[in-house]
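Colleague: I am new to reading protein models, and I would like to learn how to go from the whole chain to single residues. Could you take me through one?

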Amino acid sequence: MIASLLLSFTDYRIVNAPRFIGLENYIRLFNGTDEYFYNSLWVTFKYVILRVPLGLVFSFMMAFLLNMEFIRGKSVFRTIFYLPAIVPAVASSMIWLWLFSPDMGLFNSILEALYLPKLDWLYSEATVVPSIVLMSLWAMGSTIIIFLAGLQGVPRSLSEAATVDGAGPLRKFRHITIPMMTPIIFFNLIMGSIGAFQVFTEALIMTQGGPNNASLFYNYFIYRQAFQFGEMGQASAIAWILFMIILLVTVIFFRTSRSWVFYESEV
């Protein structure tokens, strides 16, 4: 990290020795000299804004269903939901490339069977980021397991007392389950946001930043500057900007958590 910080103040192209240029790399990025910098920021923020809330809601609801007592074969379902999380990213990307294929893909075959218009999925600027968000929900097994562990830690006595007082399932979910789960939600929010800002493999394997740079995620932008164009100094500056963005977002989450995260001793 220290080396990358020092390199961010240099003009370093691998074949030449680093040459100190001060803040020039940062100035070039922020004044718009590199047209792809702000585009990659926008694409990444759009992905984060879609993926993090959807991922939390999807994972929480799946964990809630898996925690219900009347569900049979829960261990089998838990395994099924967790398996995608351990599938190598490259292998899963190849599977989803077929699923998203406009001509022979499973998704468009289903849409066609339902007499709905086909989508271009990864091959359209409008749908490429939502398509990758949809793919990311498939691999939320780790988050589901964490939520499931948290749900199993909610004291039954609270739910039983609420039932005695006449509370229905929705009121118990809103006033007991959600407040007791806020520390777990907060943890998954932090980890999910950090992971979403670092999305990379999908762009590398599936889209190469296309179409028309609509999936040029920030991490892929770093990779391209460093290993395709050899701009190691500028890539280091871009990476440190990402570090500061993630740090700022994390600090904001921690500051705002005081108003909505409730710990057991406070409930």
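Modeller: We will go from the overall chain to its core, then to a cavity and to one residue, keeping in mind that this is a predicted model.

Colleague: Which helices and strands should I expect, and what does the chain span?

Modeller: A first look takes stock of the secondary structure and the extent of the chain. Here the protein chain has 13 helices and two strands, and its C-alpha trace spans about 75 × 50 × 30 Å along the principal axes.

Colleague: How much of the chain is buried, and how much surface does the chain expose?

Modeller: Of the 267 residues in the protein chain, 43% are buried. The chain exposes about 15,200 Å², and carbon and sulfur atoms supply 68% of that area. If you look at contacts with a separation of 6 or more, 66% of them join residues 24 or more positions apart.

Colleague: What general idea should I have in mind when I look for a core?

Modeller: In soluble globular proteins, nonpolar side chains tend to be buried together. In this model the largest nonpolar core has 61 residues, and Tyr-47, Phe-100 and Tyr-218 touch the most other members. Helix H3, residues 35-66, gives this core its largest share, which is 11 residues.

Colleague: Which residues does Tyr-47 touch?

Modeller: Leaving aside residues up to four places away in sequence, Tyr-47 touches Val-129, Ile-132, Val-133, Ser-136, Ala-196, Val-199 and Phe-217.

Colleague: How many cavities of 30 Å³ or more does the structure hold, and which residues line the largest cavity?

Modeller: The structure holds one cavity of 30 Å³ or more, and the volume of the largest cavity is about 30 Å³. Its lining consists of Ile-190, Ser-193, Ile-194, Phe-197, Ile-246, Val-249, Thr-250 and Phe-253. Sorted by class, that lining has six nonpolar, two polar and no charged residues, while helix H10 (169-197) and helix H13 (232-257) each supply at least two of the lining residues.

Colleague: Let us end with a single residue: is Asn-219 buried or exposed, and why?

Modeller: To answer, you compare the relative accessibility with a cut-off, since buried means under 20%. Asn-219 counts as buried because its relative accessibility is 18%.

Colleague: Where is Asn-219 placed, and what does Asn-219 touch?

Modeller: Asn-219 lies in helix H12, which covers residues 218-228. Not counting residues up to four places away in sequence, Asn-219 touches Gln-198, Val-199, Phe-200 and Leu-242. Val-199 is also among the residues that Tyr-47 touches.

Methods: Residues numbered from 1 in each chain as written. Predicted model: local features only at pLDDT ≥ 70, side-chain atom pairs only at ≥ 80, totals over all residues. Heavy atoms only, no water. 1 Å grid on protein atoms, 1.4 Å probe; cavity = no way out; pocket = protein on both sides within 12 Å on 5 of 7 lines; lining within 4 Å. Points joined across faces, edges and corners; volume = space filled by probe spheres on them. Helix = DSSP H or I, 4+ residues; strand = E, 2+ residues; numbered from the N terminus. Nonpolar A, V, L, I, M, F, W, Y, C, P; charged D, E, K, R; others polar. Buried < 20%, exposed > 50% of the residue type's maximum accessible area, 1.4 Å probe, protein only. Contact = heavy atoms within 4.5 Å. Areas by Shrake-Rupley, 256 points an atom, 1.4 Å probe, with all protein chains shown as cover. Core = buried A, V, L, I, M, F, W, Y, C linked by side-chain atoms within 4.5 Å.
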